[in-house]
Amino acid sequence: MTPGRPVPPPLNLRIPVEEAAVGPLEGRLAAARGASSATSGLVALTLARRAPKADDVEIAIEFCGLCHSDVHATRGEWGSQNYPLVPGHEIVGRVSRVGSDVVDFQPGDRVGVGCMVDSCRECGSCREGLEQYCERGLTGTYGARDARNGDAVTQGGYASSVVVDRRYVLRVPKSLDPAAAAPLLCAGITTFSPLRHFGVREGHVVGVVGLGGLGHMAVKLAKAMGAEVKVFTTSESKVSAALELGADAVVLSRDEEALAAENRSIDVIIDTVAAPHDLNPLFRTLRRDGALFQLGLPSEAMPPVNPGALIRRRISYAGSLIGGIAETQEMLDFCAEHGVVSDIELVGAEQLNDAYDRMVAGDVKYRFVLDTSTLQEPSERADA
């Protein structure tokens, strides 16, 4: 369990595990919390989950992480949405039922679902196991049209259950605290993928810009890969926190002398900051053939990049999006091997709106996770 976090109470909304399905499987209602409009906040809803098809896995959700993208989506900050909308793409739970063709999952297995529940499965990216870059567009875990299921809008993990095609279901290793493992399915894989792509290993120096939900995972994962880690932050209050997470050094990026002292000292930078900021001073800290991976997605334009900074040292400026299913499973197994989980604060359904406000204010170390045992019972009529 995450240090200092009490053992969660027994879950009271579990769908009974069925050892074997007899006859056609039927859909079920699920209790949920979601937005009924851009201004409603998160309210109690009831979802009509589909009956598991031959390749489907039905999951009784235990925990679901809260991602900042959930806030943007439910509040309509990323454009128009189909309401009601239930967010959540960091799902951990137990298999409750499986379709007739599913042999790799059994009722009772602890599993996870991340940011996608389908893709075209046919394009070059999908065939290479890079479903997150599906050339026809992945199907997000919530707020997306599900082409294989009548174009229904997907609804996420702030709910008591979900039904997902087995190809997009992940095994959660038994050694991982299930609540603290939930954010690995977004924050974990988002930082693991560029580190793995760059081939980070012992002898490398990794710079982490920002120490929030993504940044704290980048520190933990890079250290587990054997790298030396330096955290770049604008806040003196983050210095002790970074060192506690395992960082070897902390650089106050507003201190021009401290930043200049890091010239040519870093192999790869993981930039998690989602606000506009000047990258050119960071490029100067990179060694020849270094790379800066942009993970934060600012809502406004960034200051222009000086091409000369890239050219003079053959530096790469790259982006990265979550990870494919195989890589996400690799990440979970890696985390189990090295004892890596997210630092979390467990919240109940009634605390969700307050948690959203606290996320916007940066008042969380480092991820909120919903305990779905606190959801209400589903009503007799579905809202979505």
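Here are some friendly notes on this predicted model, point by point.

1. **Confidence.** Let's begin with how far the model can be trusted. The protein chain has an average pLDDT of 93, and 94% of the residues reach at least 70. The N-terminal stretch needs care: over residues 1–22 the pLDDT stays under 50. The model does have 51 contacts for residues 1–22 beyond four places in sequence. Still, where pLDDT is low, the predicted coordinates should not be read in detail.

2. **The parallel sheet.** Six strands make up an open sheet, with parallel pairing and the order β14-β13-β12-β15-β16-β17. The edges are held by β14 (249–252) and β17 (316–319); each has a single partner strand, so one side of each is left without a neighbour in the sheet. On average, neighbouring strands of this sheet are turned by 20 degrees against each other, direction ignored.

3. **One strand pair to look at.** If you would like to follow a pairing by eye, try β12 (residues 205–209) and β13 (residues 228–233), which run parallel and are joined by five bridges. Gly207 is a handy place to start, as Lys230 in β13 stands opposite this glycine.

4. **A helix across the sheet strands.** Helix α4 (residues 187–198) lies across three strands: β12, β15 (266–271) and β16 (286–294). Relative to β16, helix α4 runs at about 155 degrees.

5. **The second largest pocket.** This pocket holds about 440 Å³ of space. It is lined by 24 residues, and those closest to its centre are Arg50, Asp146, Asn149, Thr154 and Val163. Elements giving two or more residues to the lining are β2 (42–49), β6 (116–118), β9 (152–153) and β10 (161–165). Strand β10 supplies the largest share, with four residues. As for chemistry, the lining of the second largest pocket has ten nonpolar, ten charged and four polar residues.

6. **Backbone details worth checking.** Most residues other than glycine have a negative phi, and most peptide bonds are trans. Which peptide bonds are cis here? Among them is the bond that joins Tyr83 and Pro84, with omega about 0 degrees; Pro84 sits in the loop between α1 (68–74) and β4 (91–98). Another cis bond runs from Lys365 to Tyr366, with omega near -5 degrees, and Tyr366 lies in the loop between α11 (352–360) and β19 (367–371). Asp151, a residue other than glycine, has a positive phi, near 60 degrees. You will find Asp151 in the loop between β8 (145–146) and β9.

Conventions
Residues numbered from 1 in each chain as written. Predicted model: local features only at pLDDT ≥ 70, side-chain atom pairs only at ≥ 80, totals over all residues. Heavy atoms only, no water. pLDDT = per-residue confidence, 0-100. Contact = heavy atoms within 4.5 Å. 1 Å grid on protein atoms, 1.4 Å probe; cavity = no way out; pocket = protein on both sides within 12 Å on 5 of 7 lines; lining within 4 Å. Points joined across faces, edges and corners; volume = space filled by probe spheres on them. Nonpolar A, V, L, I, M, F, W, Y, C, P; charged D, E, K, R; others polar. Pairing = 2+ DSSP bridges. Axes fitted to C-alpha atoms, helices over the stretch in contact; angles between N-to-C directions.
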